[in-house]
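Student: I am new to this structure, and I would like a close look at a single part before I try to read the rest. Please choose a strand, go through it slowly, and then show me how to read the surroundings in the light of it.

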Amino acid sequence: MATNSFSISALYQSAFGLPRGEAFSNDKLLKDVYDTEKFDELPASAFAPDDTFFQMRYTLQGKNPYGITIFMPMRLGGLQLPNEPSVSIVAKKTIVETGLVGQKRKGFVKELISVDDYEITIRGVALNYASKKNYPEDAVKKLHDLFLRNEALKVECALTALLGIERLVIKEFTLPDMPGVQHAQAYQFSCVSDEYFELEII
């Protein structure tokens, strides 16, 4: 495999117009916490029972094509998404507000109706690591095939696991324009969380 240097942060900024900080240093993080630089060699006993975030990272053991451990890998529908995408999660509640009438006190009475599904936006960049001249066709096709699946997809990610999100439904798939870049394609999934439920017929 040819060695090329890529700036994921620069490609991300170009595609989405949003800044993305440098990824956490796995080596430094692991050395500080576990006095080791080899994440794969950590025993399961290294994690506290309630350490959901690190337990999920240990289970996934995501790596990039160069074998470097990814800080927060994400698998969706069994596919590891390229290059550690950013994950944005929005949680909302449906609340009915009723104004106070004939009272000296101002304001509203708030009534919680429901907690809505989580809204999750996944943004990332697919790369052709072997050549800066060729489009990452295989990676884009896999992402599109994921979108075409008409089902709730199992999500495996330390952040979603921490919030108890187990399945996502992809509502929208976007491939932003990448002017002047041949070997990379930004992608975005707009998703909502989904839960198992049992329908009882009485």
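Tutor: Let us agree on one word before looking: contact means that heavy atoms lie within 4.5 Å of each other. Please also keep in mind that what you see is a predicted model.

The part I suggest is strand β5, which covers residues 108-115, and a good place to begin is Glu 111, which is found in this strand. If we leave aside the neighbours within four places in sequence, Glu 111 is in contact with Thr 94, Ile 95 and Val 96. Strand β4 spans residues 93-99, so when you follow those contacts you are looking from β5 across to β4. For a distance to go with this, take Thr 98: Glu 111 and Thr 98 are 13 residues apart along the sequence, and their C-alpha atoms are separated by 8.2 Å. As for its surroundings, Glu 111 counts as partly exposed because its relative accessibility is 47%, and the range for that class runs from 20% to 50%.

The next residue to look at is Leu 112, which also has its place in strand β5. Leu 112 counts as exposed, because its relative accessibility of 51% is over the 50% cut-off. Together with Ile 95 and Val 115, Leu 112 makes a nonpolar surface patch of about 290 Å². Ile 95 thus appears twice in this account, once among the contacts of Glu 111 and once as a member of the patch.

A patch of this kind invites a look at where nonpolar residues gather elsewhere in the model. In soluble globular proteins, nonpolar side chains tend to be buried together. Here, the largest nonpolar core has 22 residues, and those with the most contacts inside it are Met 74, Leu 76, Leu 81, Ile 122, Leu 146, Leu 168 and Phe 189. The elements that give two or more residues to this core are β1 (74-76), β6 (119-127), α4 (137-148), β7 (153-157), β8 (167-174) and β9 (184-194), a list in which β5 does not appear. Leu 76 shows how such a position is connected: apart from residues up to four places away in sequence, Leu 76 touches Leu 81, Ile 122, Leu 146, Leu 153, Lys 154, Val 155, Leu 168, Ile 170 and Phe 189. Another core lies apart from this one, and its 10 residues include Leu 11, Leu 127, Met 178 and Ala 186.

Strand β9 offers a contrast with what we saw in β5. Tyr 187 is found in β9, and Tyr 187 counts as buried because its relative accessible area is 0%. The C-alpha atoms of Tyr 187 and Pro 176 are separated by 6.5 Å, although their positions lie 11 residues apart along the chain numbering.

Charged side chains give a further kind of link, and a search of the whole structure finds five salt bridges. In one of them, the side chains of Lys 92 and Glu 119 meet at 3.6 Å, N to O. Lys 92 lies in the loop between β3 (86-90) and β4, while Glu 119 lies in strand β6, so this pair ties together parts that are 27 residues apart in sequence. Lys 92 is partly exposed, with a relative accessible area of 42%, and Glu 119 is partly exposed at 34%. Another salt bridge joins the side chains of Arg 75 and Glu 156 at 3.3 Å, N to O; Arg 75 belongs to β1 and Glu 156 to β7, so parts that are 81 residues apart in sequence are tied together. Arg 75 is partly exposed at 23% relative accessibility, whereas Glu 156, with a relative accessible area of 15%, is buried.

Finally, you can place all of this in the whole protein, which has five helices and nine strands. Of its 202 residues, 37% count as buried. Among contacts between residues at least 6 apart in sequence, 61% join residues at least 24 apart.

Notes:
Residues are numbered from 1 along each chain as its sequence is written. This is a predicted model: local features need pLDDT of at least 70, side-chain atom pairs count only at pLDDT 80 or more; totals for chains, interfaces and linings use all residues. Side-chain values use heavy atoms; hydrogens and water are left out. Patches are made of residues with over 30% relative accessible area and no salt bridge: like charges are joined within 9 Å, nonpolar side chains (Val, Leu, Ile, Met, Phe, Trp, Tyr) within 5 Å. Accessible areas come from the Shrake-Rupley method with a 1.4 Å probe; for residues, only the protein chains shown count as cover. A salt bridge is a side-chain nitrogen of Lys or Arg within 4 Å of a carboxyl oxygen of Asp or Glu. Helices (H or I, at least four residues) and strands (E, at least two) are DSSP runs, numbered from the N terminus. Buried means under 20% relative accessible area, exposed over 50%, partly exposed in between (1.4 Å probe, protein chains only). A nonpolar core is a set of buried Ala, Val, Leu, Ile, Met, Phe, Trp, Tyr and Cys residues joined through side-chain atoms within 4.5 Å.
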